[in-house]
Amino acid sequence: MDSSSSALKRRIGLGCMPLTGIYGPVCRDNALKIIHHALDLGVSSFDTAELYGPYVNEELLAEALGSNLARVEIATKFGYRIHDGKIAGLDSRPKSIRFAVEGSLRRLRRDYVDVLYQHRPDPAVPVEDVVGTMADLAREGKVLALGLSGAQPDSLRRASAIHPIAFIQNEYSLIARDPEKTLLPSLLGTQTQFVCYSPLGRGILAGKLPKATQQSPTDYRNKDDRFQPKRHAELVDRLAPLWQIAATRSASPAAIALAWLLSKGPTIQVIPGATDIEQLRTNTCSTDLILTDGEIAALDLTI
């Protein structure tokens with residue numbers, strides 16, 4: 001493996017959210033095997049949250065990593081009030097942040113987390129207060145780096161005035177391009193890295209999504225307008241360049257879509273999820289693909 005490929009591999013993590021049922025049931029043994037195989041493939045960054053499960057995603061990750069806990073980077077998130085296993089609103093009050101982090105550390109079997117994110121902005125709590133509490137946790141050694149998820153340039157500027165924000169995590173993919181408008185340009189010249197969640201459009205860009213009638217009734221995507229038959233058909237049609245490039249390259253559409261994201265700059269990271277080993281291998285092999293300028297231009301114009 002050459003140095004450029006090694007550098008790219010460090011920019012692909014594993015988004016663990018799908019491993020605890022967000023897209024339908026996943027066998028626990030299979031979920032553990034996916035994390036084990038990710039380690040074998042050189043994945044060293046894992047993204048979780050107290051919300052996923054809730055709680056059980058962090059526990060699953062800790063169990064799977066075992067003795068490898070200390071040699072990988074783990075990111076987790078706080079910011080939701082959870083009651084009887086369901087979201088009961090946003091909650092980024094300082095005391096709630098501390099309570100959430102203590103719970104995450106206990107479930108992750110660690111004394112610290114590498115990256116702590118506010119999962120979503122809380123209109124009831126100024127971002128300065130949120131980041132102030134996160135900064136206190138960093139000074140206490142419980143957090144190594146701070147991140148914001150779902151944030152926009154103004155809140156990032158306000159947050160950065162309190163403490164450096166190492167990561168911004170927002171949805172970004174070929175079919176979710178909002179970050180290109182103002183957020184990504186605002187990061188130019190800063191030390192903040194951009195982490196793309198749902199980089200495969202929750203499966204649309206993999207080209208193998210089951211029909212709506214075949215999806216689990218508990219599948220989160222049932223609530224997503226992009227998966228309604230008419231909208232989904234429109235997206236598939238507009239993604240013709242992706243299917244064509246994948247066929248020409250004898251590569252999977254998922255790998256091409258991830259390679260496109262990685263081509264956007266060295267501070268872009270991706271955290272695709274996987275519910276089987278084949279998906280995991282496909283995602284990680286995207287680092288072996290270097291798209292041409294013409295391919296990138298064609299994909300830029302898809303949506």
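A cavity is a set of grid points where a 1.4 Å probe fits but cannot get out. The exercises below apply this idea and others to a predicted model.

**Exercise 1. The largest cavity**

Task: Determine how many cavities of 30 Å³ or more the whole structure holds, what volume the largest cavity has, and which residues line the largest cavity.

Solution.
Step 1. A search of the whole structure gives 3 cavities that reach 30 Å³ or more.
Step 2. For the largest cavity, the volume is about 80 Å³.
Step 3. Its lining is formed by S45, F46, D47, E73, A75, V115, Y117, F167, Q169, V195, Q269 and I271. Two or more of the lining residues come from each of β2, β3, β6 (113–118) and β8 (167–171).
Step 4. The greatest contribution to this lining is that of β2, with 3 residues.
Step 5. Sorted by class, the lining of the largest cavity comprises 7 nonpolar, 3 polar and 2 charged residues.

**Exercise 2. The sheet behind these strands**

Task: State in what order the strands of the open sheet follow one another, which strands stand at its edges, and which residue of β3 is the bridge partner of D47.

Solution.
Step 1. In general, the strands of a sheet pair through backbone hydrogen bonds, and the pairing may be parallel or antiparallel.
Step 2. Here the open sheet contains 8 strands in the order β1-β2-β3-β6-β7-β8-β9-β10, and the pairing is parallel. The edge strands, each of which pairs on one side only, are β1 (14–15) and β10 (268–270).
Step 3. Within this order, β2 (residues 45–47) runs parallel to β3 (residues 73–78), and 3 bridges join the two strands.
Step 4. The bridge partner of D47 in β3 is A75. Both D47 and A75 also belong to the lining of the largest cavity.

**Exercise 3. The second largest cavity**

Task: Give the volume of the second largest cavity and describe its lining by residue and by class.

Solution.
Step 1. The volume of the second largest cavity is about 40 Å³.
Step 2. The residues that line this cavity are K9, I12, L41, G42, V43, T284 and T287.
Step 3. By class, the lining has 3 nonpolar, 3 polar and 1 charged residues.

**Exercise 4. A pair of helices**

Task: Decide whether α2 and α11 are roughly parallel or roughly antiparallel, and state the handedness of their crossing.

Solution.
Step 1. The description of two packed helices rests on the angle between their axes and the distance between the axes.
Step 2. Helix α2 (residues 28–40) packs against helix α11 (residues 277–284) at an angle of about 30 degrees, and their axes are 10 Å apart.
Step 3. Angles under 35 degrees count as roughly parallel, and α2 is therefore roughly parallel to α11.
Step 4. The crossing in which α2 passes α11 is right-handed.

**Exercise 5. A loop and a pocket**

Task: Identify what kind of peptide bond joins G53 to P54, what is notable in the phi of Y55, and which residues lie nearest the centre of the second largest pocket.

Solution.
Step 1. From G53 to P54 the peptide bond is cis, and its omega is near -5 degrees. P54 is located in the loop between β2 and α3 (56–65).
Step 2. Y55 is placed in the loop between β2 and α3. Although Y55 is a residue other than glycine, its phi is positive, near 75 degrees.
Step 3. The second largest pocket has a volume of about 250 Å³. Of its 15 lining residues, E50, Y55, Y80, F99 and A100 lie nearest the centre.
Step 4. The elements that give two or more residues to this lining are β4 (80–83) and α4 (94–108). With 6 residues, α4 gives the most.
Step 5. By class, the lining of this pocket has 6 nonpolar, 3 polar and 6 charged residues.

Key. Residues numbered from 1 in each chain as written. Predicted model: local features only at pLDDT ≥ 70, side-chain atom pairs only at ≥ 80, totals over all residues. Heavy atoms only, no water. Pairing = 2+ DSSP bridges. Helix = DSSP H or I, 4+ residues; strand = E, 2+ residues; numbered from the N terminus. 1 Å grid on protein atoms, 1.4 Å probe; cavity = no way out; pocket = protein on both sides within 12 Å on 5 of 7 lines; lining within 4 Å. Points joined across faces, edges and corners; volume = space filled by probe spheres on them. Nonpolar A, V, L, I, M, F, W, Y, C, P; charged D, E, K, R; others polar. Axes fitted to C-alpha atoms, helices over the stretch in contact; angles between N-to-C directions. Parallel < 35°, antiparallel > 145°, perpendicular 65-115°, else oblique. Left-handed = near helix turned anticlockwise from the far one by under 90°.
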